[in-house]
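Visitor: Could you take me through one part of this structure in detail? I would like a close look at the surface that meets one of the DNA strands.

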Protein chains: 2
Amino acid sequence: MTDASGAVTEALPEAGSKRRQIRPKAERRQQLIDATIRCIAQHGLSAVTMQMVTREAGLSVGIANLHFKSKDNLLKETLRFVAEEYHGGQIEIMEGGDILDLGERLDALLDFQLGRGVTQRQKMSVWFAYYGEAGARPVYQKIVSTVDRLAAQKLEALFIQIIREGNYRGVDARELATGYSALIDGLHLGLLVTPRELSKRRARAVARDFLRRAFPQHIR
Amino acid sequence: MTDASGAVTEALPEAGSKRRQIRPKAERRQQLIDATIRCIAQHGLSAVTMQMVTREAGLSVGIANLHFKSKDNLLKETLRFVAEEYHGGQIEIMEGGDILDLGERLDALLDFQLGRGVTQRQKMSVWFAYYGEAGARPVYQKIVSTVDRLAAQKLEALFIQIIREGNYRGVDARELATGYSALIDGLHLGLLVTPRELSKRRARAVARDFLRRAFPQHIR
DNA sequence: ATCAAGAATGAATATTCATTCATTCTGGGT
DNA sequence: ACCCAGAATGAATGAATATTCATTCTTGAT
């Protein structure tokens, strides 16, 4: 294609300029991880290919192997990122220096766990894609266990505080924390697999109900 | 190879006789589905190949395409089988003409859901492998939704009976049923992904606790 | 004994995909 | 202006895999 002056112009200015851009390593890594997340959500973990991911990222095929050694490694790092993002968010709230009231802190946690950011189909698809492979891949189990354990400890600590403050009787913090975590995971699963049967609104109501039953003075 | 009489003998009698066996279609289908389940559990859904499945089943590669049209179809039918087995078991208990006491029936349900048969790594791996792909594959969503909905209705019906019998106040059967189902799913997930942190014994205690909190007269 | 129906086989085919690497390009330093 | 470290590219390669189908084998009926 030529313009009036006869000079050769770039083909499709709007459809992603072909100009090669050099960017720092860290930025490219994140760009590829983000693309991987979108691909897993849209096509499923088992259908993800390197071509797909790099095209989604608007980059060439070779680059993925430049920044991550292999596809396997890219997938592993993607899981690590997602897991840390989720658990990091939870932990921040539970440590929550900014929210002093324990009931409010619980509410904030619930909001985070069943709120917009986390319950995007995109993110949930990624969790469960990895969970599905975890049975066969110890590496995935390890990544998840590591961050999970810390979050579980923080949750238990929060529950202990609440139990003390409310002087609740016959309640075991550890057991309750396990139950609450499992409930949230199960609700995420429901939102992903049977969105028709379970709305976000109802999922929140169910989780809230669980907490109210355990800590009636703190919730509602 | 020939024996003294000069007749051709079978090669390796102990290492799986090579003798070609003709069996009815239904039997071969089940054989292949069982092999698929073992392969998914051991290698993960995304690593399963036709060669792997047919070798596991002790059959030739061609046969899978003879009885199922394609790999895709084999995987779909395997999911259907697993889903129906699980939900069928639940529904049988919940309809449970043989157990008249409602509390006992609840107990039987819990036993089934967190007991030996279901919580084998093998089975749980398969659930979650499919759940992981469900976000990207409407076919899987549909299969699970269909059986799931029926089980959810039966559970709600059971809870309604229990609420009436115990004259429990301020309890919504539907919401409680959703919560209980999600809790069980979450516990399965925990058993699969972080078996170190969550034993079967503790998972049962947690689920039982949930029920006791809701229906104190019926449980314990 | 013989035969036909159809169950089972597995070598061959065509496709898809991860990974490599020779080459090109960019931008900051001199 | 020039240079070059190293970032980026994408055609080429080789390995893996789903699917096909011509052929072989088994079984029950005649």
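Guide: Happily! Around DNA strand D there are 21 residues, and those that come nearest are R23(A), R28(A), S60(A), R20(B) and K71(B). Please keep in mind that this is a predicted model. By class, this surface divides into 7 nonpolar, 8 polar and 6 charged residues.

On the DNA side, sugar or phosphate accounts for 71% of the strand D atoms within 4 Å of the protein, while the rest belong to bases. Individual contacts show both kinds. H67(A) places a polar side-chain atom 2.9 Å from a phosphate oxygen of DNA strand D. R20(A), in turn, has a polar side-chain atom 3.2 Å from a base nitrogen of the strand. G62(A) also approaches a base nitrogen of DNA strand D, here through a backbone N or O atom at 3.3 Å.

As for the elements involved, α3 (62–67) of chain A and α2 (50–57) of chain B are those that give two or more residues to the surface near strand D. The largest share, 3 residues, comes from α3(A).

Since both chains take part here, a word on how they meet each other. In chain B, 45 residues are in contact with 45 residues of chain A. Together the two chains bury about 3,700 Å², with carbon and sulfur atoms giving 59% of that area. The interface holds 2 salt bridges; one of them joins E197(B) to R149(A), with the closest N and O atoms 3.0 Å apart. On the side of chain B that touches chain A, α9(B) gives the most, with 13 residues.

Technical notes. Residues are numbered from 1 along each chain as its sequence is written. Chains are lettered from A and ligands numbered from 1 in the order in which they are written. This is a predicted model: local features need pLDDT of at least 70, side-chain atom pairs count only at pLDDT 80 or more; totals for chains, interfaces and linings use all residues. Side-chain values use heavy atoms; hydrogens and water are left out. Contact means heavy atoms within 4.5 Å. Buried area is the accessible area (1.4 Å probe) that two parts lose on being put together, summed over both. A salt bridge is a side-chain nitrogen of Lys or Arg within 4 Å of a carboxyl oxygen of Asp or Glu. Helices (H or I, at least four residues) and strands (E, at least two) are DSSP runs, numbered from the N terminus. A residue is near a molecule or strand if one of its heavy atoms lies within 4 Å of it. A polar contact is a pair of N or O atoms within 3.5 Å; within protein, one must be able to donate a hydrogen and the other to accept it, and residues adjacent in sequence count only if both atoms are side-chain atoms. Ala, Val, Leu, Ile, Met, Phe, Trp, Tyr, Cys and Pro count as nonpolar, Asp, Glu, Lys and Arg as charged, and the others, Gly among them, as polar.
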